[in-house]
Amino acid sequence: MYMQALTRRLTDGAARLPSAMRERHRVYLLKARNGDGGFSGREGGSDLYYTAFGLRSLAMLDTLTPEFCRETLPFLRDSLTRSASVIDLFSLLYAALLVQAGGGIDLFADSPADWPERVAATLESFRTADGGYAKAVGSVSGSTYHTFLVGLSYQLLGRRFPRPDAVKSFLLSRRREDGGFVELAPMKRSGTNPTAAAVGALQLLEDEPEALAPGNAHPSLTRPARTRSGVIDLLAALPSPEGGFRANGRIPVADLLSTFTGLWTLRQLNALDRVDGGAARRYAEGLQAPAGGFRGGAWDDATDVEYTFYGLGVLALLAPTNTP
């Protein structure tokens with residue numbers, strides 16, 4: 001699966017990072033967990049979105065122990081009874097996979113036998129007339145990002161996108177002449193993150209992580225102005241003088257989210273050599289806090305578990321082959 005391939009690649013890379021660095025961020029993550037087993041953002045109580053990032057970060061560091069998984073269960077089980085957005089559903093499904101892999105725990109053991117069908121029906125409630133999926137039920141048009149999350153959620157359920165041709169048409173409608181993709185229909189200029197989401201969703205449709213790789217390009221990306229090289233050229237132009245990626249060409253400064261998604265997408269397209277990996281690595285390293293955790297960018301003054309995942313992810317993707 002897409003998420004398992006991503007986790008495996010990040011875990012392999014993180015294992016090559018210096019042990020002191022790994023330990024510093026592991027301790028930060030353990031301290032960030034709340035008493036109910038979940039993780040918060042920068043304010044408020046435990047949240048599924050941030051809890052999934054906390055678990056993903058610990059899995060990347062290969063320190064998601066059975067004990068930790070058991071201690072996370074109270075929050076995850078409580079989340080089963082709440083109404084959920086697309087982001088919440090994806091976060092819950094992936095958190096369930098992680099605690100099963102790390103602790104042998106089936107989060108859905110006491111759920112009704114038809115729970116996958118119920119989740120699928122909820123996902124379809126976010127479907128829009130243009131073939132995509134939206135953030136909110138009843139939206140007029142779809143979101144590139146939420147369509148990608150729905151595709152990931154279906155894959156975690158062991159299913160494919162319903163009406164895949166409609167999803168493909170929706171995604172291609174978000175392609176722009178600059179070579180990338182936009183999040184919402186009115187937008188004219190592509191961004192790093194919607195481009196990464198669209199490429200990921202197209203790969204899900206092909207059911208192969210390398211669907212857009214050289215010699216195996218998605219058929220829809222072979223038309224003029226719709227080529228794989230257009231995506232690569234767009235992303236290769238987005239690093240800032242800091243070394244990280246910008247969210248789009250009009251933003252002057254980089255951020256860790258865009259840096260991670262840009263690098264991962266280039267790696268998926270076998271084009272990491274189009275950017276300065278050393279500069280991107282130094283950018284991410286400079287955003288570490290002494291006590292662990294990562295800030296979102298040079299403009300940020302605090303750390304959180306989401307940006308810690310992106311920071312570790314960047315360093316894992318760019319980890320040298322041999323690290324003492």
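What is the volume of the largest pocket? These legends take that space as their starting point, and the model they describe is a predicted one.

**Close-up 1. The largest pocket has a volume of about 630 Å³.** Its lining is made up of 27 residues, and those nearest the centre are Y145, F148, L257, T261 and Y310. Seven helices each bring at least two residues to this lining: α1 (2-14), α3 (48-60), α5 (86-103), α7 (144-156), α9 (192-206), α11 (256-268) and α13 (305-317). Among them, α11 gives the largest share, with five residues. If you sort the lining by class, you will find 20 nonpolar, four polar and three charged residues.

**Close-up 2. The second largest pocket holds about 360 Å³ of space.** Here 17 residues form the lining, with L80, L89, L92, R118 and V119 closest to the centre of the pocket. Helices α5 and α6 (115-124) each supply at least two of the lining residues. By class, this lining divides into ten nonpolar, four polar and three charged residues.

**Close-up 3. Helix α11 is largely enclosed by the rest of the structure, because eleven of its 13 residues are buried.** The buried residues are L256, S258, T259, F260, T261, G262, L263, W264, T265, L266 and Q268. What lies over them? The cover includes α1, α9, α10 (228-236), α12 (277-285), β1 (294-295) and α13. You can also check the length of α11 yourself: at 1.5 Å a residue, its 13 residues should span 18 Å, and this agrees with the 18 Å between its end C-alpha atoms.

**Close-up 4. Look now at the two ends of α11.** At the N-terminal end, D255 acts as a cap, with a side-chain oxygen 3.1 Å from the backbone nitrogen of L257. Just after the helix comes N270, which takes a positive phi of about 55 degrees.

**Close-up 5. H146 is a residue of helix α7.** Is H146 buried or exposed? With a relative accessibility of 6%, H146 falls under the 20% cut-off, so it counts as buried. Leaving aside residues up to four places away in sequence, H146 touches V86, I87, Y133, A134, K135 and E183. Another residue to find in this view is A197: it is 51 residues from H146 along the chain, yet their C-alpha atoms are separated by 8.6 Å.

**Close-up 6. The largest cavity contains about 50 Å³ of space.** It is one of two cavities of 30 Å³ or more in the structure. Rolling a probe the size of a water molecule over the atoms shows where empty space is left. The residues lining the largest cavity are L6, T7, L10, R56, A59, M60, Y94, L98 and F309. Helices α1, α3 and α5 each provide at least two residues of this lining. Its classes are seven nonpolar, one polar and one charged.

**Close-up 7. The second largest cavity has a volume of about 30 Å³.** Around it you will find Y2, A196, V199, G200, Q203, W264, T265 and Q268. Both α9 and α11 supply at least two residues of the lining, and the largest share, four residues, belongs to α9. Four of the lining residues are nonpolar, four are polar and none is charged.

Key. Residues are numbered from 1 along each chain as its sequence is written. This is a predicted model: local features need pLDDT of at least 70, side-chain atom pairs count only at pLDDT 80 or more; totals for chains, interfaces and linings use all residues. Side-chain values use heavy atoms; hydrogens and water are left out. On a 1 Å grid over the protein atoms alone, a cavity is a set of points where a 1.4 Å probe fits but cannot get out, and a pocket is an open set with protein on both sides within 12 Å along at least five of seven lines; lining residues have an atom within 4 Å of a point. Grid points are joined across faces, edges and corners, and a volume is the space filled by probe spheres set on the points. Ala, Val, Leu, Ile, Met, Phe, Trp, Tyr, Cys and Pro count as nonpolar, Asp, Glu, Lys and Arg as charged, and the others, Gly among them, as polar. The expected span of a helix is 1.5 Å times one less than its number of residues. Buried means under 20% relative accessible area, exposed over 50%, partly exposed in between (1.4 Å probe, protein chains only). Contact means heavy atoms within 4.5 Å. A polar contact is a pair of N or O atoms within 3.5 Å; within protein, one must be able to donate a hydrogen and the other to accept it, and residues adjacent in sequence count only if both atoms are side-chain atoms.
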